[in-house]
Amino acid sequence: MTHEAPASEHDDHDSPYEGLFGGDSDHWAFGTDFDDPLAGIEATIPDGADPRALAQYCLMLGDDALVLSHRLSQWCGRAPELELDIALANIALDLLGQARLLLARAASADPSVVPPLPGASEAVPSPVPAEDALAFFRDDRAYRNAWLAEAPNGDFGQTVARILLFATARLALLERLRASRDAVLAAVAAKGVRELAYHRDFAARWFVTLAQGTEESRRRVTAGLAEVWRHHDELFRAHPVERELAGAGVAVDPADVAGEADAALATVLAASDLPWPEVPQAGQLGGRSGRDGAHTEALSSLLAEMQSVARAHPLGRW
Amino acid sequence: MEAVPEKTMPEKTMPREAASEETATAAPGDLGEHFEATVARGARIEPRDWMPDAYRATLVRQIAQHAHSEVIGMQPEGNWITRAPSLRRKAILLAKVQDEAGHGLYLYSACETLGVSREELTALLLAGRQKYSSIFNYPALSYADVGTIGWLVDGAAICNQVPLCRTSYGPYGRAMIRICKEESFHQRQGYELLMTMMRGTGEQRAMVQESVDRFWWPSLMMFGPPDADSPNSARSMAWGIKRNGNDELRQRFVDMTVPQAEALGVSLPDPDLRWNAERESYDFGEPDWSEFAAVLRGEGPCNAQRLAHRARAHEDGAWVRNAALAFAKAGAAHE
């Protein structure tokens, strides 16, 4: 084989198994170690903030991200085009990353929010990190996400409308949360703002494309918007915990960002040549909704699936 | 850094439209000689170079099959994303399946340089006229399968694909370089999951062993039938599309994998597997080639399910693709 290209040009591709037994951990997308994701950030509770309220607030923001991330991950392998499959997975991964930081913060602010694991004891300590105990061993009544996050996906039009509504509200919120007196929340918000800006942009572009595309796409995205719009007001209704922490300069009162979020939505609707939706809002359960732990039927079945493997092996290592 | 052989071909190339009018298969004089010489030198053929029709057809078949494998291959593992047992594993798995979609994209793009669109290739896949790797016709039945697919299936794929980084067709070789790098992360992630599970409970260790037992033989089949029974191999080797025989690659895979199985603490389900000091290689048993043939005929556990899933996603998304086209057209008309 005298004409073969020099082997040295290819050596680094010829040994895919090299390093399998350790070494270059920086080649991993997520690292081989599972270090504290909040390492290096000042984790003390700000003066005047109730740690229990702070934990509840982190669960609200974290559960929104976790549950919507789960819904978007259900699109994996099913999107209308490979590029969209990749984009939806990106958004799901961003939200999952935010959820992990927020759940870990909730656990560090108030360890009592972390549910005890079946089978674990002092003799047999649980190998499950706090973020996983919160995600996989908490019942639906302990979840604090808004109903918009847990609603079923519907078609691509409804999914785009949901991301638009969610990202618009969360972006407005996180922009202000960057100034939180809690260093962890401020850091999560600073990272999240960049991500949410992309999510909102993706959703807005596709919303306009579908609204101005074909008759069918306009009909579908309009119907999808009406479906998710039933959960619009809940996003901006403050829970007492949010109001209390907003007063302490730690949280943002969602009612304060409603005007800003609605203005952004109005821009997208105008570009789509669609009116402001006049849709009855989903009612509360005896005055309670997602932030209080009251949910729609969709959440318990979502969690049943999500938690099934973890709960079957409470002492498992993954 | 991409290690791609310099393209040293003279500038005397010709658009294929002009070439194909001259002749269907036989190389017209100089062009044919240049093609043969380029391949013999181990340099790259590029999209605008003249190439024999059969070379083009073989490449389209192989690259398309590879692209379809990436996209269909999203399903077995994708089925576990919503049940991943930790948030870290959920992120790793979602990112991995997302990478597979990306690999599908690079490969469809490489195919498009040969004059066939993604839409056409998808139609051929859904009509059953193009294939994808048979391994994806096996089910993923436990979370350990996510690890085993990474370790064995991606491992076998890497053994097959690393030599393709040097394949004679430029766009395919360059796509393979990127894909191989990502696949090798996936393989390590899979192995690391199994390692972690083996340090867990007895139930988890049993889950890993059961998974390895199920995937071992199908993984060996991924290298294709023995060379003697492989109809397309010889010509692909001569053209530099393929660079190693099926049996050689299979042996390489077994030799690399056995020590990893030992380190992991699992057994491999082959009573004939033993070290041969003379050959300095492992002897191993013969896969059940009748099962391989059956899966190839469409009689695997998941053939119908995999194709139906893809067809449904494609049909469900048609209105979105149509809307995007209509929107782009309307935008162009405004300008």
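# Cavities, a pocket and an interface

Q: How do the residues that line the largest cavity divide into nonpolar, polar and charged?
A: In this predicted model, the lining of the largest cavity has 8 nonpolar, no polar and 4 charged residues. Asp, Glu and Arg count as charged, so A:Asp64, A:Arg170, A:Glu242 and A:Arg291 in that lining fall into the charged class. Leu and Phe count as nonpolar, so A:Leu61 and A:Phe166, for example, fall into the nonpolar class.

Q: Why is this space called a cavity?
A: In a cavity a 1.4 Å probe fits but cannot get out. The structure holds 4 cavities of 30 Å³ or more, and the largest has about 150 Å³ of space. Two elements of chain A, helix H1 (51–73) and helix H5 (156–177), each give two or more residues to its lining. H5(A) supplies the largest share, 4 residues.

Q: What makes up the lining of the second largest cavity?
A: Among its lining residues are B:Glu77, B:Arg89, B:Lys96, B:Tyr143, B:His186 and B:Gln189. Helix H5 (87–112), helix H7 (143–161) and helix H8 (170–198) of chain B each give two or more residues. About 100 Å³ of space lies in this cavity. Its lining divides into 5 nonpolar, 4 polar and 3 charged residues. Gly counts as polar, so B:Gly150 and B:Gly190 of this lining belong to the polar class.

Q: Why is the largest pocket called a pocket and not a cavity?
A: A pocket is an open set of points, whereas from a cavity the probe cannot get out. The largest pocket has a volume of about 1,300 Å³. It is lined by 49 residues, of which B:Gln65, B:Asn160, B:Met222, B:Phe223 and B:Gly224 lie nearest its centre. Elements that give two or more residues to this lining include helix H3 (53–72), helix H10 (233–238) and helix H12 (289–299) of chain B. By class, the lining has 20 nonpolar, 17 polar and 12 charged residues.

Q: How do you know that chain B and chain A are in contact?
A: Contact means heavy atoms within 4.5 Å. By that rule, 76 residues of chain B are in contact with 71 residues of chain A. The area buried between the two chains is about 6,400 Å², and carbon and sulfur atoms give 67% of it. B:Leu87, B:Arg188 and B:Trp319 supply 14% of the area that chain B buries against chain A, more than any other three residues.

Q: What makes the pair A:Glu83 and B:Arg118 a salt bridge?
A: The cut-off is 4 Å between a side-chain nitrogen of Lys or Arg and a carboxyl oxygen of Asp or Glu. The closest N and O atoms of B:Arg118 and A:Glu83 are 2.5 Å apart, therefore the pair meets the definition. This pair crosses between chains, from helix H6 (residues 118–126) of chain B to helix H2 (residues 82–109) of chain A.

Q: How many salt bridges are counted between chain B and chain A?
A: The count between these chains is 2, and the structure holds 25 over all chains. There are also 14 residue pairs in polar contact between chain B and chain A. Elements that each supply at least two residues to the side of chain B that touches chain A include helix H2 (30–41), helix H13 (303–316) and helix H14 (318–334) of chain B. H5(B) gives that side its largest share, 15 residues. That side has 42 nonpolar, 19 polar and 15 charged residues.

How values were computed: Residues numbered from 1 in each chain as written. Chains lettered and ligands numbered in written order. Predicted model: local features only at pLDDT ≥ 70, side-chain atom pairs only at ≥ 80, totals over all residues. Heavy atoms only, no water. 1 Å grid on protein atoms, 1.4 Å probe; cavity = no way out; pocket = protein on both sides within 12 Å on 5 of 7 lines; lining within 4 Å. Points joined across faces, edges and corners; volume = space filled by probe spheres on them. Buried area = accessible area lost by both parts, 1.4 Å probe. Polar contact = N/O pair within 3.5 Å; in protein donor to acceptor, adjacent residues only side chain to side chain.
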